[in-house]
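Reader: Please take one part of this model and look at it closely, setting out how its pieces fit together. I would like a single connected account rather than a list.

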Amino acid sequence: MFSDLKCRWFGRWAGLGLGVFAAAAAEVPNFNALDLAGHNYELHRAGGRAVVLFFTGTGCPIARKCSPKLRELQGRFGAEGVSIWIVNSYAEDQPEDMRKECGELNLWRFPYLRDAKQSLALSFGVQRTAEVVAIDTKAWQVFYRGAMDDQFGEGAERAAPRNRFLERAIAEFLAGKPVTTPSTPGHGCLFAFAKVAEPPSYAEAVAPLLRQHCVECHRDGGIGPWSMSGYGRVKNYSHMIEEVLLTRRMPPWDANPDFGRFANAHTLSREETQTLLRWLQGGAPRGEGPVRWRNPYRRSRTGRWENRM
Ligand code: HEC
């Protein structure tokens, strides 16, 4: 409720032309995600005027009932440069489950992106299926987030919606008007995120993870451009770390999991990815106690790199 009110106020201020506030809002993060055919979608390469992310997971009744609404919206706004991307953030959904549901619900016309590590749901602050995040693709700002309309609640349903929040927000956005209701509570099935400490600390959770997956390259003399040689250094790069994780640039390379396992892959697991993201979201705290390692790779007297762990 509080955040809803805050967003409304923010919307009014922005609407009054207090550009300072609008300019201060953070840009949405860029991301890369694969669809069911293995094609890559990069947010910042989306053309048009807006991208609407519709978060989902197979089998959720509310999300399923939104399918005709998605088609309707695309029919109304597609020609005006609004694209709808479906994002499946159920960790355990398999491609065959997703294909089956796409067929049942006739969703083939939409990009259907896979977010099995849930990094998109986590970074966009989405808790439930059927939540949408509508993004202005020029300013990279969110202009609406929440439920598509007020027809469905958990265990409740109206015969027809009374307020079509998303439709109205898109129409206002396209007309260059302030969005009357920029945020509503989402209704749908809750995502089950990985269980990680909130927020995880650098000393306990993050440093060992970096040591395992990143330090081989990110050390003095390594091929990475900066050395993860201590807390301060890593903290400097904390926002950059979010960007490289979401765009799947680091650790190199995040192979399509449909094609088997790769030896010596640095790929982060779902838990590890969420540990890093939650650490960043929590302000990258150092935590109490000693960090178990600083830079485990040191040059030995013979000049060779060796692991001191
Ligand atoms: C196999 C070597 C390797 C590993 C492992 C690796 N990196 Fe990198 N990293 C690089 C290289 C090389 C670059 C420079 C890339 C470039 O300039 O395009 C880089 C760049 C970066 C950057 C700067 C952003 C950029 O695009 O230049 C960040 C942040 C980063 N890595 C984070 C990580 C994190 C976090 C991990 C572990 C989860 C990791 N890296 C693992 C080699 C590696």
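Author:

**Helix 10, helix 11 and the ligand shell**

Helix 10 gives the most to the shell around the ligand, contributing three residues. The model is a predicted one, and that should be kept in mind throughout what follows. The shell counts 18 residues around the ligand, of which Cys214, Cys217, Gly224, Met250 and Pro251 come nearest. By residue class, the shell around the ligand divides into twelve nonpolar, four polar and two charged residues.

Two of those nearest residues lead to a feature of the backbone, since Met250 and Pro251 are joined by a cis peptide bond, with omega at about -10°. Pro251 belongs to the loop between helix 10 and helix 11, and Arg248 is found in that loop as well. Arg248 is not a glycine, yet its phi is positive, at about 60°. Arg248 is also buried, because 20 other C-beta atoms lie within 10 Å, and a residue is counted as buried at 20 or more.

The two helices on either side of this loop also meet each other. The axes of helix 10 (residues 238–246) and helix 11 (residues 270–281) come within 10 Å and cross at roughly 145°, and the crossing in which helix 10 passes helix 11 is left-handed. On the side of helix 10 the contact is made by Ser238, Ile241, Glu242 and Leu245, while helix 11 brings Thr273, Leu276, Leu277 and Leu280. Taken by class, the residues of this contact are five nonpolar, two polar and one charged.

Beyond helix 11 the chain enters the loop between helix 11 and strand 10 (297–299), where Ala284 lies. Ala284 is a residue other than glycine with a positive phi, near 55°, and Ala284 counts as buried because it has 21 C-beta neighbours inside 10 Å.

For the setting of this part, the secondary structure of the chain comes to eleven helices and eleven strands. Of the 309 residues in the chain, 35% are buried, Arg248 and Ala284 among them. Among the contacts in the chain with a separation of 6 or more, 73% are between residues 24 or more positions apart.

Terms used. Residues are numbered from 1 along each chain as its sequence is written. This is a predicted model: local features need pLDDT of at least 70, side-chain atom pairs count only at pLDDT 80 or more; totals for chains, interfaces and linings use all residues. Axes are lines fitted to C-alpha atoms, for helices over the stretch in contact, and angles run from 0 to 180 degrees between N-to-C directions. Helices (H or I, at least four residues) and strands (E, at least two) are DSSP runs, numbered from the N terminus. A crossing is left-handed if the near helix is turned anticlockwise from the far one by less than a right angle, and right-handed if clockwise. Two residues are in contact if their C-beta atoms, placed from the backbone, lie within 7 Å. Ala, Val, Leu, Ile, Met, Phe, Trp, Tyr, Cys and Pro count as nonpolar, Asp, Glu, Lys and Arg as charged, and the others, Gly among them, as polar. A residue is buried if 20 or more other C-beta atoms lie within 10 Å of its own, exposed if 12 or fewer, and partly exposed in between; C-beta atoms are placed from the backbone. A residue is near a molecule or strand if its C-beta atom, placed from the backbone, lies within 6 Å of it.
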